[in-house]
Amino acid sequence: MKHIHSYYSPNNLYNNIIKGLNNLGKDLSKVTLGDLQPVDEFHIRGDMATKELIKLANFTPNMNILDVGCGVGGSTRRLSHETGCHVTGIDLSDEYIDAAERLTQLLNMQDRVKFNAASALDLPFEDNTFDGAWSIQMNMNVEDKLGWLQEIYRVLKPGARAVLYEVCGNKNTPIYFPVPWAQDSSMNFLIPQEPFRDVITSAGFKVEVWNEKTDLAQHAFARMKKPEGDSALPELGLHMLIGNDFKVKSYNMRRNLDDERISLIETLVIK
Ligand SMILES: C[S@@+](CC[C@H](N)C(=O)[O-])C[C@H]1O[C@@H](n2cnc3c(N)ncnc32)[C@H](O)[C@@H]1O
């Protein structure tokens with residue numbers, strides 16, 4: 001797990017985001033969720049997908065929700081903002097959690113949105129703690145998928161809902177590297193949809209909804225071209241989280257989707 005931790009550990013992340021906001025002429029006392037969107041929702045289709053997941057989850061105000069593998073907390077904050085839930089995010093990366101906490105303070109959301117640096121395989125919470133959970137695009141880095149899902153199951157109250165929005169394998173292998181979650185095959189643990197669904201049920205969950213999202217992912221990456229030379233990077237962007245080869249990684253997403261090497265699903269499951 002160490003190399004995964006160091007992959008998601010950029011230096012000075014929060015200060016670089018602040019620098020980007022300043023360069024874009026943003027007034028730091030009035031920063032919005034939308035201003036941070038280019039850098040804080042690290043998954044396919046960004047805030048559009050998050051809004052669909054919020055609808056699917058149907059969490060109600062004041063529920064206590066867990067966001068497993070929350071990154072720098074963009075979806076954690078959006079979930080709380082749009083539903084009035086209390087949301088706790090956990091992530092393996094200390095640097096992401098540091099940025100998540102400070103960005104949440106910048107937006108003055110710290111009363112409802114909290115973070116912990118922790119592994120999804122060893123959640124620092126008692127059994128039956130949360131009214132709901134979600135996990136957005138982190139299974140790709142998790143070899144022990146049963147352990148991850150059993151931990152979510154353990155900390156949920158009986159009858160609670162969880163939403164997963166996850167990249168899975170597809171008909172063809174191997175995938176092209178690097179991709180946004182892995183520099184090479186040593187960090188990649190994709191499995192096809194069917195076995196993924198089997199692990200979810202083995203962890204104890206009942207699958208209520210299973211939506212195929214691969215077409216939407218394909219549209220999202222359809223215009224990605226092979227990068228040539230050193231083109232400029234935006235002031236705020238996902239390259240700040242995973243490095244300046246972000247454009248190559250995005251281009252490989254397109255190739256992996258077009259060649260049916262990866263797929264994308266969202267699912268609603270019940271404890
Ligand atoms: C592609 S990012 C998605 C982040 C966030 N869910 C979002 O959508 O913005 C994957 C995240 O999973 C986290 N992660 C990977 N393995 C983990 C583990 N075993 N426990 C906790 N977090 C993990 C990484 O640190 C990274 O922040």
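**Exercise 1. Which residues does V72 touch, not counting residues up to four places away in sequence?**

Before we start: this is a predicted model, in which local features need pLDDT of at least 70, side-chain atom pairs count only at pLDDT 80 or more, and totals for chains, interfaces and linings use all residues. Residues are numbered from 1 along each chain as its sequence is written.

Solution.
- Start with the test: two residues are in contact if their C-beta atoms, placed from the backbone, lie within 7 Å.
- Leaving out residues up to four places away in sequence, V72 touches D40, Y96, A99, A100, L103 and L241.
- Now place V72 in the chain: it sits in the loop between strand 1 and helix 5 (74–83). Helices (H or I, at least four residues) and strands (E, at least two) are DSSP runs, numbered from the N terminus.
- Then check burial. A residue is buried if 20 or more other C-beta atoms lie within 10 Å of its own, exposed if 12 or fewer, and partly exposed in between, with C-beta atoms placed from the backbone. V72 has 32 C-beta neighbours inside 10 Å, so it counts as buried.

**Exercise 2. Work out the strand order of the sheet and find its edges.**

Solution.
- Take the pairing rule: two strands pair if DSSP finds at least two bridges between them.
- The order then reads 3-2-1-4-5-7-6, an open sheet of 7 strands with mixed pairing.
- Look at the ends: strand 3 (113–117) and strand 6 (206–212) each have a single partner strand, so one side of each is left without a neighbour in the sheet.
- Neighbouring strands of this sheet are turned by 15° against each other on average, direction ignored. Axes here are lines fitted to C-alpha atoms, for helices over the stretch in contact, and angles run from 0 to 180 degrees between N-to-C directions.
- For the mixed pairing, compare two pairs. Strand 1 and strand 2 run parallel, joined by 5 bridges, and V68 has I90 of strand 2 as its bridge partner. Strand 5 (residues 156–169) and strand 7 (residues 262–270) run antiparallel with 9 bridges; here G169 stands opposite I262.

**Exercise 3. Find what packs on the sheet, and check how enclosed strand 2 is.**

Solution.
- Helix 7 (residues 145–155) touches strand 1 (64–68), strand 4 (130–136) and strand 5, and its direction makes about 155° with that of strand 5.
- Helix 8 (residues 193–202) lies across strand 5, strand 6 and strand 7, at about 155° to strand 6.
- As for strand 2 (residues 86–91), 5 of its 6 residues are buried, so it is largely enclosed by the rest of the structure.

**Exercise 4. Track down the unusual backbone geometry.**

Solution.
- Recall the background: most residues other than glycine have a negative phi, and most peptide bonds are trans.
- Go for the cis bonds. One joins T173 and P174, with omega about -10°; another joins F177 and P178, with omega about -5°. P174 lies in the loop between strand 5 and helix 8, and P178 has its place in the loop between strand 5 and helix 8 too.
- Next, positive phi. N62 has about 75° and lies in the loop between helix 4 (46–57) and strand 1. N108 has about 60° and is found in the loop between helix 6 (94–106) and strand 3.
- Finish with exposure: N62, with 11 C-beta neighbours inside 10 Å, counts as exposed, and N108 is exposed with 9 other C-beta atoms within 10 Å.
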